[in-house]
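Good morning, everyone, and thank you for making time for this. Please look at the structure on the screen while I talk, and we will begin with one of its pockets.

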Amino acid sequence: MSAHPQLSFDEILTSEEVPLHQVTFVVVDLETTGGDRVQDAVTEIGAVKIRGGEVLGEFATLVNPERGIPPSIVTITGITEAMVVDAPRMDTVLPAFLEFCHGCVLVAHNAPFDIGFLRANCERLGLNWPKPQVVDTVRLARRVLSRDETPNYKLGTLARVLNARTEPVHRALDDARATVDVLHSLLERVGSLGLRTLDDLLSHLPDVTPQQRGKRGLADRLPNAPGVYLFRGPNDEVLYVGTATDLRRRVRQYFTAGERRSRVKEMVAIAERVDHVECAHPLEAEVRELRLLAAHQPRYNRRSKHPQRAWWVVLTDEPFPRLSIVRAPKTGALGPFRSRHTAADAVEALQAVTAVRRCTERISARDPQGRPCALYELGRCGAPCAGLQSAAEYEPEVISIREVVGGRSVVLLERLRAELDRLSAAERFEDAAAHRDQLAGLVRSLDRGQRLAALASVAELVAARPDGRGGWHLAVIRHGKLAAAGTARRGVPPMPVVDLLQASAETVIPGPGPLRGTSADEARVVYRWLTTGGTRMVRCSTPWNEPASAAGSWQTWLDKAINGRTPYAAID
C-alpha cells in the first residue's frame, strides 16, 4: 500500500496547497489521423495514472476514427485502417477515459494538441469537459532545461537526455510511459528549487504574467461549490462570465500557466474583483451563465452573448406562402439554427423536393400580374405569379412542408433519399455526396427542432439526477426553461424538497414559437441534462413525447450517411 493514500475528489478540490507527492496525475497521449481537431479523429489513446512516483493504472485502446487514415500517418504511427476497423468508437471510449482520469491532473507532452482533441470530442458528443488542471511537459521542460542540456524539447530528445526507461515510438501507451519518465525527472529538478505543491508547479511554468500572479487572491473568498463567476472591471462592468463545478478551484486556474488565452490574460490584468452566484448543481450554473451572458454581454466572452439571436425558417402568411429565414419564430417554424447559412441549406433542401415558390414578390390570389420564370419551364414551380396555379392547387406543397416540420410525415425526406439513390445509381458520385450532405443537414435540423419543441410544449416537468454521492439533483422545468433547482442530499427524503421547489418555482408564461419563448441555448442545455446522466422523471403535467414520424426515426440512416465524419449529436 502506498505511504500516501489517494485523496478523494472533494479533498483535491478543496485543498489549496496539495503536495506534489499526493497529486494524482494522468499522463495521456493520443494518436490521430492528422493535426486538425475538427476534421481529423483519434486513432489511439494511451494513459498512465501515477501518484508519488508509483503507477496506479493504465488505459490503452485503439479507436475507430470512422474515416480513412492517410498513408503519411500510417508511416509514422504504424496504425492501419485494418487495425482500427473493429475498435470501439470515440463515443464509447471517451466516457471511459473521462472516468479513468476523474479528479486527476492531466499531463501531456505538447498538451494543447492532446487536450484540444479531447475537448473537441467532448463538444461533439455532448459530454461535459471537466476542466482539469493541465501540466504540459514541453512547457515545463523549457522552464527547467537549458539549451546547453537539450538541443530541442521533442519527446524523443527529452527521453534520451533524461534517461527515460521507455522509448517513444509514436504509439499512445509507449509515448505516455515515456512522458511519465520525463515528468518524474523534471519534477525532481523543480523540487530542488523549493517547489513543493501543485500551485507552486503551475505558477512556475512560463507565461504567467505578474498581473496573473498578483491577483490570485481574488479567488480566496469563493466557495468550493458549483456556480457562476463574474470578473468585474474598474467601473464595476462585467468583463467575463463563466461556470464551474467548483468556483474557487476554477477561478484560481486563471492565475496559473494553465490559462494561455491572450484575451483572458488581458481580462485578468484589468479585473478588480470576482463575484459569484452559488448554484444548487451544474445545470443551474450552466443556465444562469447563459442568462448572465445575455444580460451583460461581457466583451471578453466569445459565445452565447445573444441567445435570442437564433435563425428560423418559416412559411410566410400569404395566399401563396414561401419559405423565409427570420429571427422571430412563430408556430410551425423550423429551427433553431446557429447561422443563417445553415438555415439557408435547409430551405434549399425543402425547395428541392417541393414546388413551393422561390420568388419574394407578394402574389395576389385574385389578380396575379407576374410572368413565369425559368423555374416554371423546368417544372419546379407552378407559376402562381402568372395565374397558372390557384391557391388550392398550391396548398399541397405548403402542407407537405408543414407535415415534415411538425413530425407528422417523412414524405419529403423519402423524396430526397430517392433522388440520392438515383444519383448514386447513375454514378454521379460528387452530386450524390452533395445531396447526401444536404439531406443529412435537413434531418439534423428537423430532429433538433422537433425534440426541443416537444420539451417546450410540456407546461411542467420535474426531474431528478443522481449526484454521485447517494443524493439527488432536482430541477423544475417549465416550457423548456429551468424554473427551480435544488438538491436532496443523501439521507434527505427527496419528495418534500420537490414539493417546495414546485411551490417556489418561477412562473413561466409561454411565448411565441416552437420553444414557447425559451432561448434555444437554454432549451439545449436542459434537454441534454434531462436525457443523460441517469436523469429520471419525477412528475410531468402532460406526457413528454415526440411525433411518431419525427426525424429522429432517421438516425440509423444518418449515422451511416455521415460515417467517416463528425459523429451525430441530435441537439448540439
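By class, the lining of the second largest pocket has twelve nonpolar, ten polar and five charged residues, where Ala, Val, Leu, Ile, Met, Phe, Trp, Tyr, Cys and Pro count as nonpolar, Asp, Glu, Lys and Arg as charged, and the others, Gly among them, as polar. Before going on, I should say that this is a predicted model, in which local features need pLDDT of at least 70 and side-chain atom pairs count only at pLDDT 80 or more, while totals for chains, interfaces and linings use all residues. Residues are numbered from 1 along each chain as its sequence is written, and side-chain values use heavy atoms, with hydrogens and water left out.

The pocket holds about 510 Å³ of space, and among its 27 lining residues, Thr 331, Gly 332, Ala 333, Gly 406 and Pro 514 lie nearest the centre. A pocket here is an open set of points on a 1 Å grid over the protein atoms alone, with protein on both sides within 12 Å along at least five of seven lines, whereas a cavity is a set where a 1.4 Å probe fits but cannot get out; lining residues have an atom within 4 Å of a point. Volume is the space filled by probe spheres set on the points, which are joined across faces, edges and corners. Helix H18 gives the largest share of this pocket's lining, five residues; helices (H or I, at least four residues) and strands (E, at least two) are DSSP runs, numbered from the N terminus.

Turning to cavities, the whole structure has three of 30 Å³ or more, and the second largest has a volume of about 70 Å³. Eleven residues line this second largest cavity, with Ala 41, Pro 65, Met 90, Asn 121 and Arg 124 nearest its centre.

Asn 121 and Arg 124 are also among the buried residues of helix H5, where buried means under 20% relative accessible area, with a 1.4 Å probe and protein chains only. Eleven of the 15 residues of H5 are buried, so this helix is largely enclosed by the rest of the structure. Just after H5, Gly 126 takes a positive phi of about 75°.

Finally, strands S2 and S3 pair in the antiparallel sense over eight bridges, pairing being counted if DSSP finds at least two bridges between two strands. They form a hairpin with two residues between them, and Gly 52 in the turn has a positive phi of about 60°.

Definitions and conventions: Buried means under 20% relative accessible area, exposed over 50%, partly exposed in between (1.4 Å probe, protein chains only).
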